[in-house]
Amino acid sequence: MVIETERLVLRPFVEGDAADVYEYLHEPAVHCFSSMKLHSLEEAVAEMKKRSDETEYYFAIVLKETGKVIGEIEAYPEGDEPHADEDGPKDTFSPCWMLNLNYTGKGYAYEAAHAFFDYLFREKGARRIYAYTEDTNLPSQRLCERLGMRREGLFREFISFIKNPDGTPLYENTYQFAILRKEWRDSVSKEREAK
Ligand SMILES: CC(C)(COP(=O)(O)OP(=O)(O)OC[C@H]1O[C@@H](n2cnc3c(N)ncnc32)[C@H](O)[C@@H]1OP(=O)(O)O)[C@@H](O)C(=O)NCCC(=O)NCCS
């Protein structure tokens with residue numbers, strides 16, 4: 001699957017993306033992605049090989065002008081909540097988004113996420129999209145708000161990605177944002193009317 005926007009192409013990863021991805025994942029910008037850290041270009045190549053089978057839910061964000069991979073976005077179908085009926089619909093998605101920090105502040109994440117949400121709601125049966133973001137991650141919270149997501153709540157000391165200097169888990173406070181398909185439809189039609 002390939003999704004095109006005004007300035008970007010969202011497409012599956014290929015082996016040749018390794019150097020661009022290594023550029024932003026050799027030092028993940030936020031704790032929640034620390035397990036994705038790539039320690040070498042060789043590791044990045046191996047990671048790209050794994051990702052190249054992912055054609056529906058995991059996309060490289062590519063700048064049309066230069067062909068450079070400037071980030072990534074992904075979300076997979078989930079049940080409603082951890083205790084949901086296993087046979088129930090998998091119509092809930094929780095996106096992860098990440099840009100090379102040299103390319104933030106230009107609206108690229110919004111442009112990619114807007115197109116990705118549209119794809120999930122229209123073509124992949126999404127009913128609800130929710131996002132977790134640490135309470136200190138203001139750029140990600142602003143992105144959620146720009147996408148029309150509601151701030152649903154703050155989970156205190158919700159999760160730990162890294163350890164404190166004394167070896168104990170460092171727990172972080174996490175906001176949850178969400179948007180339903182019907183809310184997305186309303187906001188997209190309002191955007192169209194405004195144009
Ligand atoms: C979260 C993240 C993707 C947000 O990226 P971003 O570039 O700030 O987000 P947007 O695409 O919405 O860009 C908005 C900014 O671009 C500016 N901008 C400039 N030109 C623009 C344009 N043509 N269109 C829209 N916005 C534009 C906006 O004014 C806005 O600036 P502001 O945030 O200072 O108000 C990015 O900070 C990131 O990758 N962080 C590290 C990974 C991460 O935290 N992931 C989320 C984990 S929960």
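1. In this predicted model, strands β3 (residues 58–63) and β4 (residues 69–74) form an antiparallel pair held over five bridges. One position in this pairing can be named directly: Val62 has Val69 of β4 as its bridge partner.

2. The β3–β4 pair belongs to an open sheet of five strands, whose order is β1-β2-β3-β4-β6 and whose pairing is antiparallel. The sheet ends at β1 (3–4) and β6 (96–99), the edge strands, each of which pairs on one side only. In general, the strands of a sheet pair through backbone hydrogen bonds, in either a parallel or an antiparallel sense.

3. Ile61 deserves separate comment. Beyond its neighbours within four places in sequence, Ile61 contacts Leu8, Leu10, Val69, Ile70, Gly71, Glu72, Ile73, Tyr108 and Ala112.

4. The largest nonpolar core has 40 residues, and the members that touch the most others are Ile61, Ala112, Ala113 and Phe116. Helix α3 (residues 108–123) provides the largest share of this core, with eight residues. As a general background, nonpolar side chains in soluble globular proteins tend to be buried together. One contact of Ile61 reaches a fellow member of that leading group, since Ala112 is listed among the residues that Ile61 contacts.

5. Turning to the ligand, its shell consists of 20 residues, and the closest of them are Thr104, Gly107, Ala109, Tyr110 and Pro139. At least two shell residues come from each of β6, α3 and α4 (138–146). Helix α4 makes the largest contribution, five residues. By residue class, the shell comprises 11 nonpolar, six polar and three charged residues.

6. Two elements recur in these descriptions. Helix α3 gives the largest share of the core and also supplies at least two residues of the ligand shell. Strand β6 is an edge strand of the five-stranded sheet, and at least two residues around the ligand come from β6 as well.

7. As to overall architecture, the protein chain contains five helices and nine strands. Read from the N terminus, the elements follow the order β-β-α-α-β-β-β-β-α-β-α-β-β-α. The radius of gyration is 17 Å, close to the 16 Å given by the globule rule for 195 residues, so the chain is as compact as a globular protein of that length.

8. Further descriptors of the whole chain may be recorded here. Along the principal axes, the C-alpha atoms fill a box of roughly 45 × 45 × 35 Å. Buried residues account for 27% of the 195 residues. Of the contacts with a separation of 6 or more, 62% are between residues 24 or more positions apart.

Notes: Residues numbered from 1 in each chain as written. Predicted model: local features only at pLDDT ≥ 70, side-chain atom pairs only at ≥ 80, totals over all residues. Core = buried A, V, L, I, M, F, W, Y, C linked by C-beta atoms within 7 Å. Buried ≥ 20, exposed ≤ 12 C-beta atoms within 10 Å, placed from the backbone. Helix = DSSP H or I, 4+ residues; strand = E, 2+ residues; numbered from the N terminus. Contact = placed C-beta atoms within 7 Å. Pairing = 2+ DSSP bridges. Near = placed C-beta within 6 Å. Nonpolar A, V, L, I, M, F, W, Y, C, P; charged D, E, K, R; others polar. Rg over C-alpha atoms; globule rule 2.2 N^0.38 Å.
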